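Open the model in your viewer and keep the sequence panel beside it. The stops below say what to select and what is found there.

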Amino acid sequence: MGNMGGTEDVEFRYRGNRLGMPEEGPGSVPGVGRRLLGVFLDWVLCVGVASMVAGVSPADPQAANSVSGLALLVFAVYNIVLLTLIGTTVGKRIVGVGVAATGERALPWAVAMTLRTVLLCLVIPAVIYDRDLRGLHDRAAGTVSRRY
């Protein structure tokens, strides 16, 4: 009952320990700030593409509202394609983050990236995360973000 130094404390020494990842450097779990910056950069890129496709200025607030659905679709397709092919996106790569399989799900990689992206687009699963900073979208897909 009051096991203060039990196996759970030993099991969780740092983010990614339970997944066999290093504590720091390449292959380690990136912090929330780095990951959010990567998603932000990807979103800005996708809004720009959606604005060009729709023929509107991304600086115009009215136009931004009109292309938000298209931007989300571009963001989803962009993430699925790039994560499936190279395991990272442009924004993630700039901040040094990639996505890797943990081996806990027997999903084909493309299916895992599609599931992960759909849940990421719903936002809530991405902001609920565990001690290893794995959001529900990563847990459902059997993936983890890692530093390059």
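Start with two helices, α4 and α6, whose crossing is right-handed. In this predicted model, their axes are 9 Å apart and the packing angle is about 150°. An angle over 145 degrees counts as roughly antiparallel, and α4 and α6 are therefore roughly antiparallel to each other.

**The whole chain**

Zoom out to the full chain. The protein chain has 8 helices and 2 strands. From start to end, their order is α-α-α-α-α-β-α-α-α-β. Along the principal axes, the C-alpha atoms fill a box of roughly 60 × 30 × 30 Å. The chain has 148 residues, of which 37% count as buried.

**α2 against α4**

Keep α4 selected and add α2. Here the axes come within 8 Å and cross at roughly 120°. Because of that angle, α2 and α4 are oblique to each other. The crossing of α2 and α4 is right-handed.

**The nonpolar patch**

Switch to a surface view and select L45, V49, M52, V53, L70, L73, V77, V81, L85, I86, V90 and I94, which make a nonpolar surface patch of about 1,100 Å². Which helices each supply at least two residues of this patch? They are α2 (32–54), α4 (68–86) and α5 (90–95). The largest share, 6 residues, comes from α4.

Pick out V77, one of the patch residues, in helix α4. V77 has a relative accessibility of 46%, so this residue counts as partly exposed.

**D138 and its partners**

The structure holds 5 salt bridges; three of them are visited on this tour, beginning with the pair D138 and R35. Show the side chains of D138 and R35, which meet at 3.8 Å, N to O. D138 lies in helix α8 (residues 136–141) and R35 in helix α2, so this salt bridge ties together parts of the chain that are 103 residues apart in sequence. Are D138 and R35 buried or exposed? Both are buried.

Leave D138 selected and add R116. These two side chains also form a salt bridge, with an N to O distance of 2.6 Å. The pair links distant parts of the chain, since D138 is in helix α8 and R116 is in helix α6, 22 residues apart. D138 has a relative accessibility of 0% and therefore counts as buried. R116, at 3% relative accessibility, counts as buried too. Now show R35, R116 and D138 together: salt bridges that share partners join these residues into one network.

**R134 and E104**

Move to R134 and E104. The closest N and O atoms of this salt bridge are 2.2 Å apart. R134 lies in the loop between α7 (124–127) and α8, and E104 in the loop between β1 (97–101) and α6, so the pair ties together parts that are 30 residues apart in sequence. Colour the two residues by accessibility. R134 counts as buried, at 3% relative accessibility, whereas E104 is partly exposed, with a relative accessible area of 37%.

**W109**

Select W109, which sits in helix α6 (residues 109–121). Its relative accessible area is 27%, so W109 is partly exposed. Add A141 and draw a distance between the C-alpha atoms: W109 and A141 are 8.9 Å apart in space, although 32 residues apart in sequence.

**Two backbone angles**

The last stops concern the backbone. Most residues other than glycine have a negative phi. Which value does phi take at V123? Phi of V123 is near 70°, a positive value in a residue other than glycine. V123 is placed in the loop between α6 and α7, and with a relative accessible area of 48%, V123 is partly exposed.

Then go to L133, in the loop between α7 and α8. Phi of L133 is near 60°, again a positive value in a residue other than glycine. L133 counts as buried, at 10% relative accessibility.

Note on methods:
Residues are numbered from 1 along each chain as its sequence is written. This is a predicted model: local features need pLDDT of at least 70, side-chain atom pairs count only at pLDDT 80 or more; totals for chains, interfaces and linings use all residues. Side-chain values use heavy atoms; hydrogens and water are left out. Patches are made of residues with over 30% relative accessible area and no salt bridge: like charges are joined within 9 Å, nonpolar side chains (Val, Leu, Ile, Met, Phe, Trp, Tyr) within 5 Å. Accessible areas come from the Shrake-Rupley method with a 1.4 Å probe; for residues, only the protein chains shown count as cover. A salt bridge is a side-chain nitrogen of Lys or Arg within 4 Å of a carboxyl oxygen of Asp or Glu. Helices (H or I, at least four residues) and strands (E, at least two) are DSSP runs, numbered from the N terminus. Buried means under 20% relative accessible area, exposed over 50%, partly exposed in between (1.4 Å probe, protein chains only). Axes are lines fitted to C-alpha atoms, for helices over the stretch in contact, and angles run from 0 to 180 degrees between N-to-C directions. Angles under 35 degrees count as roughly parallel, over 145 as roughly antiparallel, 65 to 115 as roughly perpendicular and the rest as oblique. A crossing is left-handed if the near helix is turned anticlockwise from the far one by less than a right angle, and right-handed if clockwise.
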